[in-house]
Structures are given as structure tokens and as C-alpha cells.
Amino acid sequence: MNEKECFYIGILRPDGSYHSYHGVNQNGNVGTLLYVHGNSAGAYQDGDDCMTIADLTEQFIKAQVSFDEVLQIVKSKKIVYAPDSTMQAMLSDFHGRTLVIEPGIGYREEQSKYSLITNYSLIKPESTKDFIVPDDNRYELALQFLDSYKNDFSIYDAFTLLNTVRQEGAWATRVSFVYSANERTVYYTENNHFEHINKFIFPFDE
């Protein structure tokens, strides 16, 4: 789904709305939510001192909060799961700062050549190691792929990586996208048709 200031994969929720849990804003805010086996410390709670990871991610993608404001939120509030799902997030901004947020576990700020997230805990790996699907080595493949590059990483390279780690079957990858901050452009493909790349260009401010 694309709007003037936002491109996102619309996730239909029980409230009947399509939510922007995976997407990019024209200001360079990028966010994604991944399902993860939950822990009791991150269970949903209602209250002024709590915020769901789903709401935080969506607000960031919609540029309702900045990266620095998110940092203050994770330091001052308890980040919890949504009422009906357990998820963790990765958020990044135009400057390459990245934040991994795992409800009930914590958060980690990064600024490096690349950052990755997966459906298992990265901050406390032992907490989800028992749930790793046998032969699921997509995270390790991506690490190896990225480690092999220096500073020349193209749109083509990014799609080669996404094609390598795509999922098939019942949980097949539905949308893969690459955002170029310099070009203000989202390149994307649907249903693993990597031979057909579409693009969405953010309009320049008038």
C-alpha cells in the first residue's frame, strides 16, 4: 500500500483496518514487526506506563514519532506485545541508526554497516532457541551474504539476498522490498516474482 508519505505492507487486523507494521516513510523511517515466540514478561498490559510494540512501530513508520522519541519511549515505558500477538521490531532512520526492540527482554541500539532481525530473539537468544525451526538458516545465510560485501551494495544485491532467504509454502513471502534513501524510491516485488520489480517514488517536497 502506498500513500503520499508512506509505503507499507498492509496487515489486516481484527479491527478491520490495514496497519502499517512493515514499511518506510519518506523521511527515511523504516520499521518491521516479526512474529516471535512470546515470553510472560512481555505480555500485553494496558496503562499509561505501557505501550504495545505494534503501536510503537506503526507510529514510527507514519513519522508520528522520531527515532530519538522512540529511544525515550523504550527507556521510560514498558514495551509489551499486542493483545492478540507476540512480535518484536526493528526500526531505523535515514542516518542508519537502528533499534531492535524485544518486549519483555529489552532493546539494543546499533549503528553499523548493516543490521538484521529474525523471528527469534537476538538480545537473549537462549530464550527462543527451543523454537528454532529445523533447517531454518535464513538468518545465518543473510549474515554470510552481507559479510561478503564491503561498501558496494546495490539494489540488485539487496534483491539477490532477499531472493536467497525467501520463504515458500504456507508461510511464503508475499512482499519483498528495498528502499533507497538516496533515490527516495521503494523497489518491491510480490509473491516471490523477483523477475518483476516494481517501484514507488516518493514525491519531492514542493
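This is a short talk on a three-stranded sheet and the aromatic rings around it.

Ground rules, briefly. This is a predicted model, in which local features need pLDDT of at least 70, side-chain atom pairs count only at pLDDT 80 or more, and totals for chains, interfaces and linings use all residues. Residues are numbered from 1 along each chain as its sequence is written, and side-chain values use heavy atoms, with hydrogens and water left out.

Start with the sheet. It is open, has three strands, and runs in the order β9-β10-β11 with antiparallel pairing. Strands here are DSSP runs (E, at least two residues), and helices are too (H or I, at least four), all numbered from the N terminus. Two strands pair if DSSP finds at least two bridges between them. In general, strands of a sheet pair through backbone hydrogen bonds, either parallel or antiparallel.

Which strands sit at the edges? β9 and β11, and each pairs on one side only. On average, neighbouring strands are turned by 20 degrees against each other, direction ignored.

Now β9 and β10. β10 covers residues 185-190, and its antiparallel pairing with β9 has six bridges. Phe177 stands opposite Tyr188 in β10.

Next, the helix. α4, residues 155-164, lies across β9 and β10 and runs at about 155 degrees to β9. Contact means heavy atoms within 4.5 Å. Axes are lines fitted to C-alpha atoms, for helices over the stretch in contact, and angles run from 0 to 180 degrees between N-to-C directions.

Two loop residues to look at. Arg184 is in the loop between β9 and β10. Its phi is near 55 degrees, positive although the residue is not glycine. Asn192 is in the loop between β10 and β11. Phi of Asn192 is near 65 degrees, again positive in a non-glycine residue.

Is Arg184 buried or exposed? Buried, because its relative accessibility is 14%. The cut-offs: buried is under 20% relative accessible area, exposed over 50%, partly exposed in between (1.4 Å probe, protein chains only).

On to the rings. The structure holds nine aromatic pairs. Rings of Phe, Tyr and Trp (its six-membered ring) pair if their centres lie within 6.5 Å; planes under 30 degrees apart are stacked, over 60 edge-to-face, the rest tilted. Take Tyr179 and Phe202: edge-to-face, 6.1 Å centre to centre, 80 degrees between the planes. This pair links distant parts of the chain, 23 residues apart. Tyr179 is in β9 (175-180), and Phe202 is in the segment after β11 (198-201).

Both rings belong to buried residues: Tyr179 at 19%, Phe202 at 1%. Ring pairs join them with Phe7, Phe177, Tyr188 and Phe200 into a cluster.
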